[in-house]
Amino acid sequence: MALRILALETSTLDASVAALEDECVLGQVTLDRSRRTAQCFAPAIADQLRNVGWRPEDVQLVAVTVGPGSFTGLRVGVTAAKTLAYAVGAQVLGVPTLKVIARQAMTQASHICAVLDAQRQQLFAADFQRRGEELMEASETRIVDVAQWLVGLSPGTAVTGPGLVRLVDRIPAEVEVIDASHWTPQAATVGRMAYLEHQAGSRHDLWTLNPLYYRSSAAEEKWRGKSDVAQ
């Protein structure tokens, strides 16, 4: 019997929800940017389930991107995934955002670097090595200055992700830039990757799965700065 997967992607402004049976995508909907809130996301999930003829209890695995990405978006997605999984007795599996982006790259290059904008002239970046159909992590997700990242690009590397929006003209000629239509992480890709990882035995604990922010929020850093001054 096919594994019924509900996949959620909320790490970027273009959030999406997809339903899959194993690796087969039954449907995907992209939310309007103004509706990427907790109040609007729940109805979007309900609509997607209705569109494919599933009851909530039919979902067996809830897949979700866990970061890096928007602080608010990640909180909304992971909370929704955990709440739904708990309510219907499904399993839950988190997938790194940058790995989703790298998986979508249509390229023959063996080395892929995926990037997201980290603000403050910095990027979230991670490197991946493609071996046939397998995508292996070649580095951990890191925060790097834009200038440092550009200088460190190697010839033959393929680069992808929303972090390239303002950088395309600065990418060295010997570096392949993936078409922009593949930069944004899609819930369908999240579901496909979760299926493969689930088949390989990966599982995440419902109670301990949390977003991976990789840095403190601006509000947290501001509060910490005030605390340091007070001391």
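These legends describe close-up views of a predicted model.

**View 1. The largest nonpolar core.**
This core holds 30 residues. Leu98, Trp149, Val159 and Ile171 have the most contacts inside it. Five elements each give two or more residues: helices H3 (97–103) and H4 (146–151), and strands E6 (111–117), E7 (122–131) and E10 (158–160). A second core is separate and has 27 residues, including Val17, Leu31, Val62 and Ala90.

**View 2. Isoleucine 171 and its contacts.**
Ile171 is among the residues with the most contacts inside the largest core. Leaving out residues up to four places away in sequence, Ile171 touches Trp149, Leu150 and Leu153. Val159, Leu164 and Val177 complete the set.

**View 3. Leucine 98 in helix H3.**
Leu98 belongs to helix H3. Its relative accessible area is 1%, so Leu98 is buried. Beyond neighbours within four places in sequence, Leu98 contacts Pro68, Ala114, Val115, Leu116 and Phe124. Ala125, Ala126, Phe128 and Thr141 are also in contact with Leu98. The C-alpha atoms of Leu98 and Pro185 are 8.1 Å apart, while the two residues are separated by 87 residues in sequence.

**View 4. A cis peptide bond before proline 68.**
The bond from Gly67 to Pro68 is cis. Its omega is near 5°. Pro68 sits in the loop that runs between E4 and helix H2 (71–88). Leu98 is in contact with Pro68.

**View 5. Serine 16 in strand E2.**
Ser16 is part of strand E2, which spans residues 16–21. With a relative accessible area of 0%, Ser16 is buried. A polar atom of the Ser16 side chain lies 2.9 Å from the backbone nitrogen of Ala187. Neighbours within four places in sequence are set aside for the contacts of Ser16. These contacts include Ala7, Leu8 and Glu9. Gln28, Val29, Thr30 and Leu31 are among them too. So are Phe41, Pro185, Gln186 and Ala187.

**View 6. Glutamine 104 in the loop between H3 and E6.**
Gln104 lies in this loop. Its relative accessibility is 9%, so Gln104 counts as buried. Apart from neighbours within four places in sequence, Gln104 contacts His182, Trp183, Thr184, Pro185, Gln186 and Thr189. Pro185 and Gln186 are also among the contacts of Ser16.

**View 7. Aspartate 58 and its salt bridges.**
The structure has seven salt bridges. In one of them, Asp58 pairs with Arg4 at 3.6 Å, N to O. Asp58 is in the loop between helix H1 (38–51) and strand E4 (61–67), and Arg4 is in strand E1 (residues 4–9), so the pair ties together parts that are 54 residues apart in sequence. Asp58 also meets Arg55 in a salt bridge, at 3.0 Å, N to O. The relative accessibility of Asp58 is 15%, so Asp58 counts as buried. A network of salt bridges links Arg4, Glu21, Arg55, Glu57 and Asp58.

**View 8. The salt bridge of arginine 166 and aspartate 117.**
The closest N and O atoms of Arg166 and Asp117 are 4.0 Å apart. The pair links distant parts of the chain, 49 residues apart. Arg166 lies in the loop between E10 and strand E11 (176–177), and Asp117 in strand E6. Arg166 is exposed, at 70% relative accessibility. Asp117 is partly exposed, at 35%.

**View 9. Positive phi angles in the loop between E6 and E7.**
Gln119 is in this loop, as is Arg120. Gln119 is not a glycine, yet its phi is positive, about 65°. Arg120 is not a glycine either, and its phi is also positive, about 55°. Gln119 is exposed, with a relative accessible area of 51%. Arg120 counts as partly exposed, at 44% relative accessibility.

**View 10. A nonpolar patch on the surface.**
Ile143, Leu212 and Tyr214 make this patch. Its area is about 240 Å². Ile143 belongs to strand E9, residues 142–145. The relative accessible area of Ile143 is 32%, so Ile143 is partly exposed.

Key:
Residues are numbered from 1 along each chain as its sequence is written. This is a predicted model: local features need pLDDT of at least 70, side-chain atom pairs count only at pLDDT 80 or more; totals for chains, interfaces and linings use all residues. Side-chain values use heavy atoms; hydrogens and water are left out. Patches are made of residues with over 30% relative accessible area and no salt bridge: like charges are joined within 9 Å, nonpolar side chains (Val, Leu, Ile, Met, Phe, Trp, Tyr) within 5 Å. Accessible areas come from the Shrake-Rupley method with a 1.4 Å probe; for residues, only the protein chains shown count as cover. A salt bridge is a side-chain nitrogen of Lys or Arg within 4 Å of a carboxyl oxygen of Asp or Glu. Helices (H or I, at least four residues) and strands (E, at least two) are DSSP runs, numbered from the N terminus. Buried means under 20% relative accessible area, exposed over 50%, partly exposed in between (1.4 Å probe, protein chains only). A nonpolar core is a set of buried Ala, Val, Leu, Ile, Met, Phe, Trp, Tyr and Cys residues joined through side-chain atoms within 4.5 Å. Contact means heavy atoms within 4.5 Å. A polar contact is a pair of N or O atoms within 3.5 Å; within protein, one must be able to donate a hydrogen and the other to accept it, and residues adjacent in sequence count only if both atoms are side-chain atoms.
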